[in-house]
Amino acid sequence: MKVFSKVILALVVSCAFVASATAGTLEDVKARGELRCVVTTGLVGFAFPDDAGQWNGFDVDFCRATAAAVLGDAKKVKFVTSTGKTRFTKLNAAEGDVLWRNTTITFSRDVNVKLTFVGVNYYDGQGFMVKKELGVKSATELDGATVCIQTGTTTELNLSDYFKQQNMKYEAVPIETNDEARSNYLSGRCDVYTTDASGLAATRAALPDPSAHVILPEIISKEPLGPAVRQGDDQWADIVRWVLNATITAEEKGVTSANADQMKSSNDQEIKRLLGVEGSQGKELGLSDDWAYNIIKQVGNYGEIFERNIGTSTKIGLARGLNGLWTKGGLQYSPPFR
Amino acid sequence: MSDANLTPKENYTPGNHPDLPPPPGTIGTIGWMRKNLFSTPLNTFLTLLGIATIWVTIPPIFNWAIFNSVWNVASRTECWDQMAYPNEGACWAFVQNRFLLLIYGFYPEPERWRVNLSFLMLILAAVPILFDQVPKRKWALVYSVAFPFIAGWLLVGGFGLNPVDSDKFGGVMLTIIIGVTGITFSLPLGVVLALGRTSNMPALRIVCVLFIEFIRGVPLIALLFIASTMLNYFLPPGSQFNLLMRVLIMVTLFAAAYNAEVVRGGLQGIPRGQFEAADAMGLKYWQAMRLIVLPQALKISIPGIVNNFIGLYKDTTLVLIIGMFDVLQIGRSSLADAEWSGLANEIYLFTALFFFACCFSMSRYSLYLEKKLHTGL
């Protein structure tokens with residue numbers, strides 16, 4: 001009995017530890033001097049190691065931006081890699097401070113998994129890719145097609161919903177990985193490959209002759225990808241939310257990593273507040289006043305991050321589309337810095 | 001005295017007839033082919049089929065892997081620019097550029113000599129264990145026992161060396177660390193478990209049976225998930241328990257349970273008389289085991305144990321599911337680099353060759369050992 005009560009005591013104490021340790025992620029990160037950022041183990045354009053073993057990508061840059069805001073140095077990040085199955089436990093068990101891992105925001109993840117999603121850094125959606133020679137111009141012409149699809153994912157459900165809705169039939173070719181899909185698609189075992197549009201673009205870019213394949217205009221699902229933090233730490237959630245907002249506002253106001261210093265003397269009050277020349281917004285967040293300046297100077301604004309990693313100048317070649325600024329017909333919209 | 005030109009007409013004294021050459025077509029290459037390849041219509045058909053298969057498959061593989069392959073370029077597009085059409089040849093430049101990453105993972109570059117040194121020391125430590133003709137074997141074995149601790153210090157750092165986080169471990173290095181640790185620690189543990197399971201003491205026997213049956217009843221993946229996620233909920237976040245350590249423990253326990261059953265099979269193969277003879281000699285339990293029973297039991301368990309080891313070594317790739325970067329995962333992540341993505345064949349072939357080399361040497365060593373110990377009846 002004694003042993004049993006000791007075990008219980010240990011559990012209670014450790015629970016108390018959990019509670020106290022998650023109370024102040026910001027203090028933890030500052031004390032550690034390093035941000036632990038949960039990223040994927042590899043997704044084209046979003047997070048991958050380069051030849052030298054350095055992590056790169058769209059999500060990775062947002063990790064760096066968070067580190068720049070909190071610690072003043074974009075290099076002070078430790079990348080905690082996680083698979084789709086372990087990502088939430090890594091965050092909830094405090095192995096990571098923030099999750100920038102192409103994670104779709106859904107009701108159940110927000111509510112049941114006890115995460116706090118703080119914004120959308122990429123609006124994705126499920127699309128279709130076909131060979132150009134088929135002459136298909138729209139997804140509504142896909143009746144009777146064979147479709148390569150990853151099993152056990154939301155893409156499978158979306159696809160069946162869409163085809164039912166359109167009163168069309170399809171034959172599914174179940175596959176596990178992107179490479180498998182690629183070879184099946186190339187060998188003609190399936191006419192259509194369907195996955196998130198960003199994934200399609202990346203796959204298409206790596207095909208022998210990308211111009212022989214088209215991505216159809218229909219997007220049949222909403223996949224808003226965004227950062228998440230543990231539930232119950234509002235200050236930390238605010239910080240991550242405004243890191244994202246700062247990059248978007250910076251793009252909207254034309255502040256780039258190249259001109260951040262000159263912009264400090266701009267006449268625009270919001271730019272001045274953003275760069276910490278006026279007001280004390282950094283202090284109110286619990287950061288230094290030049291937090292957003294550090295992000296923009298060291299990592300860049302939203303547009304720069306996008307272009308560098310997945311934009312039209314890269315091999316992936318994604319257009320801004322939904323991820324354009326709201327002023328340019330997109331959905332990226334930051335609340336004002338006021 | 002024999003003369004091949006002698007004609008049968010000539011007369012010989014009895015017993016002096018020279019040996020005539022065998023009929024043509026029954027000796028030499030042609031004879032061998034007739035006997036082995038074309039003896040029946042079915043064999044003839046199978047031979048021709050085999051030749052056709054080789055003819056169809058081998059040249060394209062050689063063309064792809066060697067003659068049309070491309071080295072020394074910086075990206076997939078440059079690779080494909082050098083070929084008549086994409087994928088005409090292997091783009092080994094991918095593996096070449098990623099080689100250091102595939103070997104060392106994210107281990108910091110200036111510290112990589114420590115990995116190399118550990119590897120050299122591993123070979124030195126393994127030799128006296130694997131071969132018994134080594135001079136001064138007793139002293140060498142002391143070093144072998146100390147090696148895991150020396151290597152641990154070298155790789156992790158501290159006490160004068162720069163500390164390196166274990167999440168920087170990756171690639172071939174991580175695979176070898178997990179494989180070798182699992183192999184070295186699971187064998188003694190497995191032997192102990194097998195002895196426990198065959199013991200006369202009920203409490204000990206029940207504990208061993210429960211442990212073995214639990215581990216054997218649960219997939220390794222499930223154990224790895226327990227290691228990577230559930231343990232965290234029980235441990236306070238302040239006392240971070242290193243993920244690699246958790247994985248090493250789980251892999252070792254898993255392999256130990258399987259080894260225990262193989263060794264138990266070996267123990268059952270020892271005739272009752274051997275145990276009784278040991279008792280009659282007045283040997284204590286451990287003496288009897290060490291001197292009489294185990295040497296025989298382990299000898300007949302060799303194929304099963306090595307089989308387990310090979311399985312364990314390949315199972316180490318499962319750690320990629322919990323986000324660790326073994327050699328296979330490094331390859332998969334490398335495919336996410338837009339500079340190289342689409343070259344899955346090259347990277348998976350490299351990984352396959354690596355595992356083949358390791359597992360094949362293990363199985364050859366086991367054959368050598370069996371031959372030396374005259375088993376394999």
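**Exercise 1. Determine why helix H8 (residues 197-205) of chain A can be described as largely enclosed by the rest of the structure.**

Solution. The model is a predicted one.

Step 1. Set the criterion: a residue counts as buried if 20 or more other C-beta atoms lie within 10 Å of its own.

Step 2. Apply the criterion to the helix. In H8(A), the buried residues are A:Ala197, A:Ser198, A:Gly199, A:Leu200, A:Ala201, A:Ala202, A:Thr203, A:Arg204 and A:Ala205.

Step 3. Conclude. Because 9 of the 9 residues of H8(A) are buried, the helix is largely enclosed by the rest of the structure.

Step 4. Identify the surroundings. Strand S7 (122-124), S8, H7, S11 and S12 of chain A are the elements against which the buried residues of H8(A) pack.

**Exercise 2. Work out the strand order of the open sheet of 5 strands in chain A, and identify its edge strands.**

Solution.

Step 1. Read the order across the sheet: S10-S9-S11-S8-S12 of chain A, with mixed pairing.

Step 2. Locate the edges. Strand S10 (170-175) and strand S12 (213-215) of chain A each pair on one side only, and are the edge strands.

Step 3. Add the geometry. From one strand to the next, the twist averages 30 degrees.

**Exercise 3. Describe how strand S9 (residues 145-150) of chain A pairs with S10(A), and how S9(A) is joined to S11(A).**

Solution.

Step 1. Recall the principle: strands of a sheet pair through backbone hydrogen bonds, either parallel or antiparallel.

Step 2. Take the S10 side. S9(A) and S10(A) pair in the parallel sense, over 6 bridges. Within this pairing, A:Thr146 has A:Glu171 of S10(A) as its bridge partner, and A:Val147 stands opposite A:Ala172 in S10(A).

Step 3. Take the S11 side. S9(A) and S11(A) run parallel and are joined by 2 bridges. Here A:Cys148 stands opposite A:Tyr193 in S11(A).

**Exercise 4. State which strands helix H6 (residues 154-165) and helix H7 (residues 178-187) of chain A lie across, and at what angles they run.**

Solution.

Step 1. Place H6(A). This helix lies across strand S8 (126-131), S9, S10 and strand S11 (192-196) of chain A. Relative to S9(A), H6(A) runs at about 155 degrees.

Step 2. Place H7(A). This helix lies across S9, S10 and S11 of chain A. Relative to S10(A), H7(A) runs at about 135 degrees.

**Exercise 5. Characterise the environment of A:Thr247.**

Solution.

Step 1. Assign the element: A:Thr247 is found in helix H9 (residues 234-252) of chain A.

Step 2. Assess burial. With 29 other C-beta atoms within 10 Å, A:Thr247 is buried.

Step 3. List the contacts. Leaving aside residues up to four places away in sequence, A:Thr247 touches A:Ala65, A:Ile295, A:Asn301, A:Tyr302 and A:Ile305.

Step 4. Relate sequence to space. A:Thr247 and A:Gly300 are 53 residues apart in sequence, and their C-alpha atoms are 7.1 Å apart.

**Exercise 6. Summarise the overall form of chain A and its division into domains.**

Solution.

Step 1. Count the elements: chain A has 14 helices and 14 strands.

Step 2. Test the form. A compact globule of 338 residues would have a radius of gyration near 20 Å, and the 22 Å of chain A agrees with this. The C-alpha trace of chain A spans about 70 × 60 × 40 Å along its principal axes, and 47% of the 338 residues count as buried.

Step 3. Divide the chain. Domain 1 of chain A comprises 2-123 + 225-328, and domain 2 comprises 126-221. Their C-alpha centres lie 32 Å apart.

Step 4. Examine the contact between the domains. In chain A, 7 residues of domain 1 are in contact with 4 residues of domain 2. On the side of domain 1 that touches domain 2, the residues divide into 4 nonpolar, 2 polar and 1 charged.

**Exercise 7. Describe the side of chain B that touches chain A.**

Solution.

Step 1. Give the extent: 30 residues of chain B are in contact with 33 residues of chain A.

Step 2. Name the elements. Helix H4 (93-104), helix H9 (220-234) and helix H13 (327-334) of chain B are those that give two or more residues to this side. The largest share, 5 residues, comes from H9(B).

Step 3. Classify the residues of this side of chain B: 15 are nonpolar, 12 polar and 3 charged.

Methods:
Residues are numbered from 1 along each chain as its sequence is written. Chains are lettered from A and ligands numbered from 1 in the order in which they are written. This is a predicted model: local features need pLDDT of at least 70, side-chain atom pairs count only at pLDDT 80 or more; totals for chains, interfaces and linings use all residues. Helices (H or I, at least four residues) and strands (E, at least two) are DSSP runs, numbered from the N terminus. The radius of gyration is taken over C-alpha atoms; the globule rule is 2.2 Å times the number of residues to the power 0.38. A residue is buried if 20 or more other C-beta atoms lie within 10 Å of its own, exposed if 12 or fewer, and partly exposed in between; C-beta atoms are placed from the backbone. Domain bounds come from an automatic or database domain assignment. Two residues are in contact if their C-beta atoms, placed from the backbone, lie within 7 Å. Ala, Val, Leu, Ile, Met, Phe, Trp, Tyr, Cys and Pro count as nonpolar, Asp, Glu, Lys and Arg as charged, and the others, Gly among them, as polar. Two strands pair if DSSP finds at least two bridges between them. Axes are lines fitted to C-alpha atoms, for helices over the stretch in contact, and angles run from 0 to 180 degrees between N-to-C directions.
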